[in-house]
Amino acid sequence: MGFGQSPFPVHPLIREALAVNAGQNMYLPSAGLPELRELSRHYLSEKFGFNADDFKTVVGPGSKELIYDIQLAVEGDLLLPIPSWVSYAPQAVLIGDPIIKIPATMSDNYHITAESLEKAIVVARQKGMNPKKLNINYPNNPSGLTMPQSRLEQIAQVCRKQGILVISDEIYELVNYQQNHASIAKFYPEGTIVTSGLSKHLSLGGYRLGVAFVPKALNSIYAAMIGIASETWSAVSAPIQFASLKTFENEPVVEDYINTCTKIHSIISSYVRDGLISLGIKYPVLEGAFYLYPNFGAFRDQLFEKDVKTSEQLAMHLLDKIQVATLPGTAFGDALENLALRLANCDFEGKIALNYYIEHPGCSPESLVNACCPKIKLARQRLGNILTTSNRSICL
Ligand SMILES: Cc1ncc(COP(=O)(O)O)c(C=O)c1O
């Protein structure tokens, strides 16, 4: 449960498009293939409620590199929800930008609120800091939870009032279980850079193709981003860019594939959540991506007896005793003593799961997991064996 990689096979139409474009051997513009810039922006903006004409696109080698590019191009201190995805903080450290942490609790679905954001900005300014940019990510890694439009609208209002640029990481927008994703760019088009890509909903992490939509009003940031692209990665691989056109064409068979993969993620992640709930660990209903961020604080006393006092020790303990790999909360910026772990629910054979689900639509989570996800099943069983709430004690 360590690595968050969607395991489904490449869709045949995309595979074919890549083969057809193997001969594309010329450098492309640093901002990306013009048709791809246009198509990706229209595809995602029409689905998620912002106006394509307000933005310009940068194509990069994955959204991770684009987020780094944005952080580098936008000077100032970074506002960061805690927990948040593992790479935002190290990127800010590499650039030398100070980080302002905003705690996000389970009662708020592990997302910031307008109030917590505004308070963090005001307090940071009182301390002489210079908050300028905010990273948000929904559906979220590590929590598997997203934000309703009302919350996005309130956050947008605070950012507009306080002059904060939003870096909106929407890489899991199509792995949204209720298919109700909306972008904050809808409410704050002049101050939001949206990032996305192919890695999650199409299981194409290895293709390394990401997109960033930058408001036309922020032309100097766009120019800086292209400058960084030109001096570093030059341009994303041409065959990959040409093949990627297929992913933004609204092809019905590709859309069906995305929806089916998302459905399978939702079933498997909910199966893992059910296992935690049966152990007495509280967790909100999952909304997207393929992760959970449970807190094992209820077992603190018993874990202390095993000399397990931090999330890092807990992750090592589980690896050592039951061979279940997880990521400790510290990787997501959490305090060491907070016994939170991220569980990634994607260690299964995607091809087998896809075929099974197509043959058994509406199958029960148990039948899908029994047939296709032996490691997920084993991990849930072993977590259940090592933790029990009958007397809130550890069995080992
Ligand atoms: C929240 C989040 N953002 C961005 C990325 C980077 O995705 P990529 O660089 O493959 O587009 C990941 C990948 O794990 C992620 O989980």
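Which backbone oxygen does the side chain of threonine 247 reach? In this predicted model, the partner is the backbone oxygen of serine 244, at 2.6 Å. Local features are described at pLDDT of at least 70, and side-chain atom pairs count only at pLDDT 80 or more, while totals for chains, interfaces and linings use all residues. Residues are numbered from 1 along each chain as its sequence is written, and side-chain values use heavy atoms, with hydrogens and water left out.

Threonine 247 sits in the loop that joins helix 8 (238-244) and helix 9 (252-278); helices here are DSSP runs of H or I with at least four residues, strands are runs of E with at least two, and both are numbered from the N terminus. With a relative accessible area of 1%, threonine 247 is buried (buried means under 20% relative accessible area, exposed over 50% and partly exposed in between, with a 1.4 Å probe and protein chains only). Beyond its neighbours within four places in sequence, threonine 247 is in contact with Ile14, Tyr43, Leu198, Leu202 and Leu204, where contact means heavy atoms within 4.5 Å.

Helix 14 (residues 374-386) offers a second view of burial. Its buried residues are Ile376, Ala379, Leu383 and Ile386. Seen down the helix axis, they fall within an arc of 100°, so they line one face of helix 14; the arc is taken from the directions from the helix axis to the C-beta atoms. An α-helix has 3.6 residues a turn, so residues three or four places apart point the same way. On the other side of helix 14, Pro374 and Asn385 are exposed.

Definitions and conventions: Polar contact = N/O pair within 3.5 Å; in protein donor to acceptor, adjacent residues only side chain to side chain.
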